Amino acid sequence: DVNNVTAGDVDEVLDELDISASNALENVLQLVMKGDYGEAIRVANKGLEDDNAPSPVKMNLLSERARLHIQIGALKAAISDYSSILDIDSTADTYTCRAQVYEQLENFEAALQDISSAQQLRPHDSGILQTFQRLRSLVSKKCEIEKIDRAKKQQGGMQSVPRPGMAQFEN
């Protein structure tokens with residue numbers, strides 16, 4: 001019974017069986033509802049070993065695992081999962097999700113590139129357009145800050161440590 005999955009049960013199942021991707025997805029969703037992210041990631045990993053998994057199931061497992069990675073702060077792992085999804089099927093939603101993770105990592109250029117790809121796939125989406133404009137502004141601010149830092153460095157001054165998305169911390 002999927003509703004009564006415990007960590008011990010998961011260990012036993014993972015150790016003894018090759019779990020199908022579809023079953024793994026059901027178990028992952030149950031574990032997420034219980035807040036057991038570590039076990040959910042382990043089950044997703046096992047399910048992704050299923051070479052016969054249909055693409056939609058594999059994409060759902062990768063998407064759930066990416067969200068779990070974000071929850072636990074493993075942002076680079078989340079980017080990897082979103083990249084794997086994009087290798088299967090390029091969607092505006094996946095590009096948008098990966099752009100958000102890049103933005104959290106303050107890799108504004110990569111975020112802008114992804115949101116541009118999302119915009120090409122869904123040109124009339126107002127949310128994507130707003131994100132594109134915000135990221136373009138952040139990239140511009142970052143370039144300005146880097147230019148100022150280079151000038152200060154040449155003059156022998158201290159470099160600033162501003163965060164483009166957080167104007168209140170700029171020097």
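**Buried polar residues and the nonpolar core**

At 19% relative accessibility, Gln-119 counts as buried, because the value falls under the 20% limit set for that class. The model examined here is a predicted one, and in it Gln-119 belongs to helix H7. Once neighbours within four places in sequence are left aside, the contacts of Gln-119 are with Ile-128, Leu-129 and Phe-132. Of these partners, Phe-132 lies 13 residues from Gln-119 in sequence, and the C-alpha atoms of the two residues are 8.0 Å apart in space.

A second buried polar residue is Arg-98, which is located in helix H6, spanning residues 92-104, and which counts as buried because its relative accessibility is 13%. With neighbours up to four places away in sequence again set aside, Arg-98 is in contact with Ile-79, Tyr-82, Ser-83, Leu-86 and Asp-114.

The largest nonpolar core comprises 39 residues, and those with the most contacts inside it are Val-28, Leu-61, Val-101, Leu-112, Ile-115, Ala-118 and Leu-135. Two or more residues are given to this core by each of helix H2 (21-34), helix H3 (37-47), helix H4 (55-72), helix H5 (75-88), H6, helix H7 (108-121) and helix H8 (126-154). For Val-101, one of the residues with the most contacts inside the core, the partners beyond four places in sequence are Ile-70, Leu-75, Ala-78, Ile-79 and Tyr-82. Ile-79 and Tyr-82 are thus touched by Val-101 and are also among the residues in contact with Arg-98.

How values were computed
Residues are numbered from 1 along each chain as its sequence is written. This is a predicted model: local features need pLDDT of at least 70, side-chain atom pairs count only at pLDDT 80 or more; totals for chains, interfaces and linings use all residues. Side-chain values use heavy atoms; hydrogens and water are left out. Helices (H or I, at least four residues) and strands (E, at least two) are DSSP runs, numbered from the N terminus. Buried means under 20% relative accessible area, exposed over 50%, partly exposed in between (1.4 Å probe, protein chains only). Contact means heavy atoms within 4.5 Å. A nonpolar core is a set of buried Ala, Val, Leu, Ile, Met, Phe, Trp, Tyr and Cys residues joined through side-chain atoms within 4.5 Å.
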